[in-house]
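This report describes how some helices and strands are arranged in one protein chain. Please look at the sequence and the 3D structure before reading on.

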Amino acid sequence: MDIKKRANEIFEELVEIRRELHMYPELSEKEYETVNRICKYLDKWGIEYKRGIADTGVVAIIRGQEGGRTVAARADIDALPIIELNDIPFKSRNKGIMHACGHDIHTAIHLGVARLFKEMEDKFKGNVKIFFQPAEETVGGAKRMIEEGCLKDPDVDYILSLHVMPNLEVGNIEIKYGKLNAATNEFNIKIKGKSSHAAYPEESVDAIVVAGYIITALQTLVSRNISPLNSVVLTLGQIRGGTKNNVITGEVNMSGTLRTLDEETREFAKRRLVEIVENTAKAYGASASVEFEEGYPALINDDEVVDVLKEAAEEVLGLDKVHFKEFPSMGADDFSYFLQRVKGAYYNLGCGNKEKAWTQPLHSSSFMADEEAIKIGLILQTQTLLKLLEK
Ligand code: NI
């Protein structure tokens, strides 16, 4: 099959599908209508699938000729609690919800990939699975899909995913070997002192003062405990304490996020955070505790699969359109759960258009994507999966 030619032929229909998804975005774990739409098209094209994985997830499978490998690709399908400000005919009809992270584009691309492989089913050896995954933005639908067996029967050998990127001009992609995205840990700090009248500080343990020392001491975690060549981010995003101008407060709560690029650093940074918080509080006669919420693991690409992706991308897009990302991002994506179990690669697909001023960042209420990215993503995912099947 001439993939480029066929991609051109189905492009218009995929744009329609993307616009339909864009008009009716749904929040994480509530992607019911989105899944109905996905299944409607899979039915239309005669593609086998299983729904209800991680509640609102779908696994499509295209079985080629006997023998061979099983390869997979993932599309995340959820939207965000954002009011869309774009004035477009397919503007969000679901109040306060918007596909501001381009997951509508990801879904359209991968419906197209499923369709092309279905049309080629007697021409390749092995299986192709497409994961339509819920809740990327919140609880990590990837983890649940894996726990519910999406990587098994048949077992997946290689996996791919992508993310649209508005600061990258459409037609370009950005790839990277090794570490690409951070592991996240949200945390809550509770400081307990002793409350008193503001005029009699000697009777108090001022939790606000203690919080001040803890905030300052925490600045040394990244600057003094971690190598400058290893990236870590520690951000305190919230601080709450006190009730009145003339009352010394006995309790302050703070919360933030701790981001690292590998498991070893992650464990070390968590331990150091606890030590600094507990012992600084102790030095001032207070007590403090830290509670962690485990977020996504670090996203680490497999070099072999990046090699295959690079080769496919250079053929599809041309050498000058394939860029190497110099540094990892401290953002996160739950595709990392897949990469903990299966060799794979994740890359950035340009969807920006400077001429049309479509360069607003992801998660912005005026995020716009150049729909040409659907065609490019479709061709590149299909070619790379084909190469992985033959590897
Ligand atoms: Ni996203």
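In which crossing, left-handed or right-handed, does helix 7 pass helix 9? The crossing is right-handed. The model is a predicted one, and the sections below take its elements in turn.

## Helix 7 and helix 9

Helix 7 covers residues 303-317 and helix 9 covers residues 372-390. Their axes come within 9 Å and cross at roughly 130°. An angle of this kind makes helix 7 oblique to helix 9.

On the side of helix 7, the contact is made by Val305, Val308, Leu309, Glu311, Ala312, Ala313, Glu315, Val316 and Leu317. Helix 9 contributes Ile376, Ile379, Leu380, Gln383, Thr384, Lys387 and Leu388. Sorted by class, the residues of this contact are 11 nonpolar, two polar and three charged.

## The sheet

Eight strands make up an open sheet with mixed pairing. Their order across the sheet is 1-2-4-3-5-16-6-15. At the edges lie strand 1 (48-53) and strand 15 (322-324), each of which pairs on one side only. On average, neighbouring strands are turned by 25° against each other, direction ignored.

One pairing can be followed in detail. Strand 3 (residues 65-76) runs in the parallel sense with strand 5 (residues 158-169), and the two are joined by three bridges. Valine 71 has tyrosine 158 of strand 5 as its bridge partner.

## Helices on the sheet

Helix 3 (residues 103-119) packs on the sheet. It touches strand 2 (57-63), strand 3, strand 4 (125-133), strand 5 and strand 16 (343-352). The direction of helix 3 makes about 165° with that of strand 3.

Helix 7 also packs on the sheet, where it touches strand 5, strand 6 (173-175), strand 15 and strand 16. Its direction makes about 35° with that of strand 16. Strand 5 and strand 16 are thus touched by helix 3 and by helix 7.

## Helix 2 and helix 3

How do helix 2 and helix 3 cross, and at roughly what angle? The axes of helix 2 (residues 32-44) and helix 3 come within 10 Å and cross at roughly 20°. Angles under 35 degrees count as roughly parallel, so helix 2 is roughly parallel to helix 3. This crossing is right-handed.

In the contact, Ile38, Tyr41 and Leu42 of helix 2 meet Thr107, Leu111 and Ala114 of helix 3. Five of the residues in this contact are nonpolar and one is polar, with no charged residue.

Terms used:
Residues numbered from 1 in each chain as written. Predicted model: local features only at pLDDT ≥ 70, side-chain atom pairs only at ≥ 80, totals over all residues. Heavy atoms only, no water. Axes fitted to C-alpha atoms, helices over the stretch in contact; angles between N-to-C directions. Helix = DSSP H or I, 4+ residues; strand = E, 2+ residues; numbered from the N terminus. Parallel < 35°, antiparallel > 145°, perpendicular 65-115°, else oblique. Left-handed = near helix turned anticlockwise from the far one by under 90°. Contact = heavy atoms within 4.5 Å. Nonpolar A, V, L, I, M, F, W, Y, C, P; charged D, E, K, R; others polar. Pairing = 2+ DSSP bridges.
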